[in-house]
Amino acid sequence: MFIVPAIRLALPDDAAGIARMSREFIEDGLDWSWRRERVLRAMADPAVNVVVAHDGRTLTGFGIMEYGDLHAHLALLAVAPPYRQRRVGSRLVAWLEQPARIAGLEKVRLEARADNPGALLFYRRLGFEATGRAAGYYGGEIDAVRFEKSLRLG
Ligand SMILES: CC(C)(COP(=O)(O)OP(=O)(O)OC[C@H]1O[C@@H](n2cnc3c(N)ncnc32)[C@H](O)[C@@H]1OP(=O)(O)O)[C@@H](O)C(=O)NCCC(=O)NCCS
C-alpha cells in the first residue's frame, strides 16, 4: 500500500539518510560532497530549508533550497525509486517554493545533470525553463543544464 508521505522540515536524525540519498541518486559517479555534516550545516543555516518526505517509516525524498535576496536556488532534490512518479518530487518543490513566493523573491534557479534526462523532463513539467549549459559543472566532467522559473505572476 502506498502511504502518501508527509512533507516536513528535516530533523538532525534525517541528515544521514539525506546524505546517503544524495550520494546514491544525485552524486552518483562524482565525489560525495553532501555528507551528513554538510546536510547538518544546511539545516542550521537560516537562509536554507531542508525538507523531507517521510511516510512514518521511510525517508522517501528530500529537497534543499537556499534563499537569497532576489532568487532562491534549489541545491538538491531526490525521491527514492519506489516512490517516484507519485508527485512526491512535485510536492517537495512546491513546499520549498512557498517561502520564496511569500518573501517576494523573483525566481528559483537550479542546475541539473545533463546526463539525467528524467530530471530534465521533470523540471520542464514543473514550469522551469532551460537558460543555458555549464560545461563540466559536476566534477569537471559532467555538464549541467541551468534552469529557472519566475515566481511572479504575469
Ligand atoms: C527527478 C525526481 C526528483 C522526480 O521525482 P518524482 O517524485 O518522481 O516526480 P513527480 O512524480 O512529482 O513528477 C512530476 C512530473 O514530472 C514527470 N517526471 C518525473 N520523473 C520523470 C522521468 N524520469 N521521466 C519523464 N518525466 C518524469 C512526471 O511524469 C510528472 O509529469 P505529469 O505532471 O505529466 O504527471 C526523481 O526522479 C529523482 O529523485 N531522480 C533522481 C535524482 C534527481 O535526478 N534529482 C534531480 C536533480 S538534482
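This is a short talk about the ligand in this model and the pocket around it.

Hi everyone, and thanks for coming. Please keep in mind that what you see is a predicted model.

Let's start with the ligand. Its surroundings comprise 18 residues, and those that come nearest are Leu77, Val79, Gln85, Ser90 and Asn116. Two of these names return when we turn to oxygen atoms of the ligand. One such oxygen lies 2.5 Å from an N or O atom in the Ser90 side chain. At Gln85 the partner is a polar backbone atom, 2.7 Å from a ligand oxygen. Arg86 also offers a polar backbone atom, here at 3.2 Å from an oxygen of the ligand. As for cover, the ligand taken alone exposes 910 Å², and the protein buries 80% of that.

So much for single residues; which elements give two or more residues to the shell around the ligand? They are β4 (71-79), α3 (88-102) and α4 (117-125). The most comes from α4, which gives six residues. By class, the shell has nine nonpolar, five polar and four charged residues.

Now, the pocket. The ligand takes up the space of the largest pocket, which holds about 1200 Å³. Its lining counts 41 residues, with Leu77, Asn116, Ala119, Phe122 and Tyr123 closest to the centre. At least two lining residues come from each of α1 (15-26), β4, α3, β5 (107-113), α4 and β6 (129-138). Here β4 has the largest share, with seven residues, whereas in the ligand shell α4 gives the most. The lining divides into 21 nonpolar, nine polar and eleven charged residues.

That's my tour, and I'm happy to chat about it!

Technical notes. Residues are numbered from 1 along each chain as its sequence is written. This is a predicted model: local features need pLDDT of at least 70, side-chain atom pairs count only at pLDDT 80 or more; totals for chains, interfaces and linings use all residues. Side-chain values use heavy atoms; hydrogens and water are left out. A residue is near a molecule or strand if one of its heavy atoms lies within 4 Å of it. A polar contact is a pair of N or O atoms within 3.5 Å; within protein, one must be able to donate a hydrogen and the other to accept it, and residues adjacent in sequence count only if both atoms are side-chain atoms. Accessible areas come from the Shrake-Rupley method with a 1.4 Å probe; for residues, only the protein chains shown count as cover. On a 1 Å grid over the protein atoms alone, a cavity is a set of points where a 1.4 Å probe fits but cannot get out, and a pocket is an open set with protein on both sides within 12 Å along at least five of seven lines; lining residues have an atom within 4 Å of a point. A molecule sits in a cavity or pocket if more than half of its atoms lie within 2 Å of its grid points. Helices (H or I, at least four residues) and strands (E, at least two) are DSSP runs, numbered from the N terminus. Ala, Val, Leu, Ile, Met, Phe, Trp, Tyr, Cys and Pro count as nonpolar, Asp, Glu, Lys and Arg as charged, and the others, Gly among them, as polar. Grid points are joined across faces, edges and corners, and a volume is the space filled by probe spheres set on the points.
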